[in-house]
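Please look over the sequence and the 3D view before reading on, and keep both at hand. The paragraphs that follow go from the chain as a whole to one of its pockets, and then to single residues.

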Amino acid sequence: MTTGEEGSAGAVWANELIDLTQSFHLQARINFGSVPHGAEGVVWALFPDTPAETPTGYAGLDVAFGVEFDTRAQMEHGDIAEDHIAMINDGSYVHTEGPGSFTAGPVTADVNGQDVTDGEDHLIDIVWDPA
């Protein structure tokens, strides 16, 4: 999505609405590059309105739920040292601001604690069941 230059960012927006009263299962293959701990990662987000244009997309969403795939440890945000996954809320990447800023995590992105910045594609599964 980006060339990896400092300060670069990208975003992909879907044109289809997701009905949260219905179950869904999304799969994607994501490649996080090959520079260990070299970038911010990716957020898959749900939000009710079209966002204003922002450098990183998710950070500009006031009302949102996101699944963060983070490859850079920022301890001041409550990150863990390993590449990690967290469920985050309302445009916040900070895991220490209480329940309003995050729902769960962070937990290691790889079950064995390995870097996902290995140049390989990784299968991502997002499953929603409203029941």
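Strands, in the sense used here, are DSSP runs of E that are at least two residues long, and they are numbered from the N terminus. With that in mind, and remembering that this is a predicted model, you can follow the chain from its beginning: the protein chain holds 0 helices and 6 strands, and its elements, taken from the N terminus on, run β-β-β-β-β-β. Of the 131 residues in the protein chain, 25% are buried. The surface that the protein chain exposes comes to about 8500 Å², and 52% of this area is supplied by carbon and sulfur atoms. If we consider contacts between residues at least 6 apart in sequence, 56% of them join residues that are at least 24 apart.

We can now turn to the space between the atoms. Rolling a probe the size of a water molecule over the atoms shows where empty space is left. The second largest pocket contains about 360 Å³ of space, and among the 19 residues that line this pocket, those closest to its centre are V67, F69, I124, D125 and I126. Which strands each supply at least two residues of this lining? They are β2 (42-46), β3 (65-70), β4 and β6 (121-128), and β6 gives the largest share, with 7 residues. When the lining of the second largest pocket is sorted by kind of residue, 17 are nonpolar, 1 is polar and 1 is charged.

Strand β4, which spans residues 84-89, includes N89. Is N89 buried or exposed? Its relative accessible area is 12%, and because buried means under 20%, N89 counts as buried. The side chain of N89 is joined to the side chain of T103 by a polar contact of 3.1 Å.

Two loop residues show how parts of the chain that are separated in sequence can be brought together in space. The first to consider is H77, placed in the loop between β3 and β4. With a relative accessibility of 23%, H77 counts as partly exposed, because this value falls between the 20% limit for buried and the 50% limit for exposed. Leaving aside residues up to four places away in sequence, H77 touches Y93, V94, H95 and T96; for T96, which is 19 residues from H77 along the chain, the two C-alpha atoms are separated by 6.4 Å.

The other loop residue is A109, which sits between β5 and β6 and, at 27% relative accessibility, is also partly exposed. Its contacts, again not counting residues up to four places away in sequence, are with D83, H84, I85 and V116. The C-alpha atoms of A109 and H84 are separated by 4.2 Å, although the two residues are 25 apart along the chain. In strand β5 (residues 102-108) we find P106, which is joined to G105 by a cis peptide bond with an omega of about 10°.

Finally, go back towards the start of the chain, where T21 lies in the segment before β1 (24-31). T21 has a relative accessibility of 57%, and because exposed means over 50%, T21 counts as exposed. A polar contact of 2.6 Å links the side chains of T21 and D19. What separation lies between the C-alpha atoms of T21 and W128, which are 107 residues apart along the chain? The separation of these C-alpha atoms is 9.5 Å.

Key:
Residues numbered from 1 in each chain as written. Predicted model: local features only at pLDDT ≥ 70, side-chain atom pairs only at ≥ 80, totals over all residues. Heavy atoms only, no water. Helix = DSSP H or I, 4+ residues; strand = E, 2+ residues; numbered from the N terminus. Buried < 20%, exposed > 50% of the residue type's maximum accessible area, 1.4 Å probe, protein only. Polar contact = N/O pair within 3.5 Å; in protein donor to acceptor, adjacent residues only side chain to side chain. 1 Å grid on protein atoms, 1.4 Å probe; cavity = no way out; pocket = protein on both sides within 12 Å on 5 of 7 lines; lining within 4 Å. Points joined across faces, edges and corners; volume = space filled by probe spheres on them. Nonpolar A, V, L, I, M, F, W, Y, C, P; charged D, E, K, R; others polar. Contact = heavy atoms within 4.5 Å. Areas by Shrake-Rupley, 256 points an atom, 1.4 Å probe, with all protein chains shown as cover.
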